[in-house]
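Please open the model in your viewer and keep the selection tool at hand. The tour proceeds from one selection to the next.

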Amino acid sequence: MQQRELGRTHRNVSAIGLGTWQLGADWGSVDEADALAVLDAAYDAGVNFFDTADVYGDGRSEQLIGTWLKANPDADITVATKMGRRVEQVPENYNLDAFRAWNDRSRKNLGVDTLDLVQLHCPPTPVYSSDEIYDALDSMVDEGRVANYGVSVETVDEALTAIARPNIATVQIIINAFRHKPLDTVLPAAREAGVGIIARVPLASGLLTNRYTLQTEFAKDDHRNFNRDGSSFDVGETFSGVDYATGLEAAGEFAKLAAAEAPEATSAQVALAWLAAQDGVSTIIPGARNAQQARANAAAGSLQISEGFNASVRDLYDAKLRAQIHPRW
């Protein structure tokens with residue numbers, strides 16, 4: 001597995017990481033044994049970056065990782081968590097006292113004294129421009145609560161605002177074959193500043209696996225069922241904001257390109273390899289519901305992507321998706 005420096009953390013992490021939203025049971029139920037098997041399989045396959053959040057399963061995802069860390073005390077692993085989505089989303093709820101309380105809970109869930117990386121979890125837009133916010137985060141580092149801090153964002157403008165701050169270590173943002181805007185704006189700025197980029201939703205909520213149809217039914221507690229219109233949280237988080245039917249059509253076209261590029265690989269693996277090959281991406285965080293998926297995702301780290309394929313993906317985006325994507329994303 002290729003290792004890359006994660007921005008200003010100066011930690012080396014795997015090009016393919018592991019997202020653990022699904023371990024909180026927000027994509028349908030996952031029992032503890034299966035969740036721990038996912039973490040085992042990912043780590044054994046060379047993944048050494050786990051991303052979680054205090055809101056995933058209201059802490060369940062963090063707790064499962066904490067259980068795994070206790071069972072693997074010598075593991076060379078970087079764990080990133082996120083904070084801020086457990087309260088009403090107004091800027092005044094983001095302050096040092098709140099940060100300390102959220103941090104105490106996450107450290108307890110994970111069973112650690114110092115968090116490797118904590119990220120503000122898509123807070124209200126004004127938060128990214130607040131000097132007081134960054135002063136509070138600096139205090140968290142000074143107090144030994146966190147080693148590094150970053151942000152998770154919804155928009156390019158939010159990312160660019162954060163990148164300009166001197167102590168921001170990482171920015172997490174949606175990038176995938178169906179979401180290209182950050183490639184042209186955020187990645188160059190991050191490279192110049194030395195900020196790490198964590199690419200989330202790399203498979204467009206599963207669209208890029210090319211396994212779904214118009215008849216596919218998602219569980220009632222799966223956000224792909226209840227958040228397509230953004231009624232629960234930002235619509236850009238579900239299928240990358242792409243209309244489901246349009247996404248299915250584009251996914252079929254992508255799968256044809258992927259089969260020609262790497263006949264031995266799945267569409268999902270090629271999508272992950274394409275994203276990992278983008279200049280400036282530090283790590284990507286696909287989720288996995290079972291050990292087999294975790295191993296398959298990790299295997300994408302060994303695929304080589306040609307310039308011709310990269311150009312074809314750009315052409316597909318321009319032809320099928322660019323006009324549909326809201327300027328916000």
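The stops below concern a predicted model and run from the sheet to a buried glutamate and then to salt bridges.

**The sheet.** Select the strands of the open sheet: 8 of them, arranged β3-β4-β5-β6-β7-β8-β9-β10 with parallel pairing. At its edges lie β3 (18-19) and β10 (283-284), each paired on one side only. Next, select β4 (residues 49-51) and β5 (residues 78-83), which pair in the parallel sense over 3 bridges; aspartate 51 stands opposite alanine 80 in β5. Add helix α3 (residues 96-110), which packs on the sheet, touching β5 and β6 (117-121), and whose direction makes about 140° with that of β5.

**Glutamate 62.** Move to helix α2 (residues 60-71) and select glutamate 62. Which side chain of opposite charge is nearest to this buried residue? It is arginine 105, 4.8 Å away, and glutamate 62 has no salt bridge. The side chain of glutamate 62 does make a polar contact of 2.8 Å with that of serine 106. Its contacts also include Thr52, Thr81 and Asn109.

**Salt bridges.** Select arginine 105 with aspartate 58: they form a salt bridge, with the closest N and O atoms 3.1 Å apart. Arginine 105 lies in helix α3 and aspartate 58 in the loop between β4 and α2, so the pair ties together parts 47 residues apart in sequence.

Go on to glutamate 249 and lysine 320, whose closest N and O atoms are 2.8 Å apart in a salt bridge. This pair links helix α9 (residues 244-261) to helix α12 (residues 307-320). Finally, select Asp97, Arg100, Asp104, Arg107, Glu143 and Arg145, joined into one network by salt bridges that share partners.

Methods
Residues numbered from 1 in each chain as written. Predicted model: local features only at pLDDT ≥ 70, side-chain atom pairs only at ≥ 80, totals over all residues. Heavy atoms only, no water. Pairing = 2+ DSSP bridges. Helix = DSSP H or I, 4+ residues; strand = E, 2+ residues; numbered from the N terminus. Contact = heavy atoms within 4.5 Å. Axes fitted to C-alpha atoms, helices over the stretch in contact; angles between N-to-C directions. Buried < 20%, exposed > 50% of the residue type's maximum accessible area, 1.4 Å probe, protein only. Lys, Arg positive; Asp, Glu negative; His and termini not counted. Salt bridge = Lys/Arg side-chain N within 4 Å of Asp/Glu carboxyl O. Polar contact = N/O pair within 3.5 Å; in protein donor to acceptor, adjacent residues only side chain to side chain. Lists of a residue's contacts leave out its neighbours within four places in sequence.
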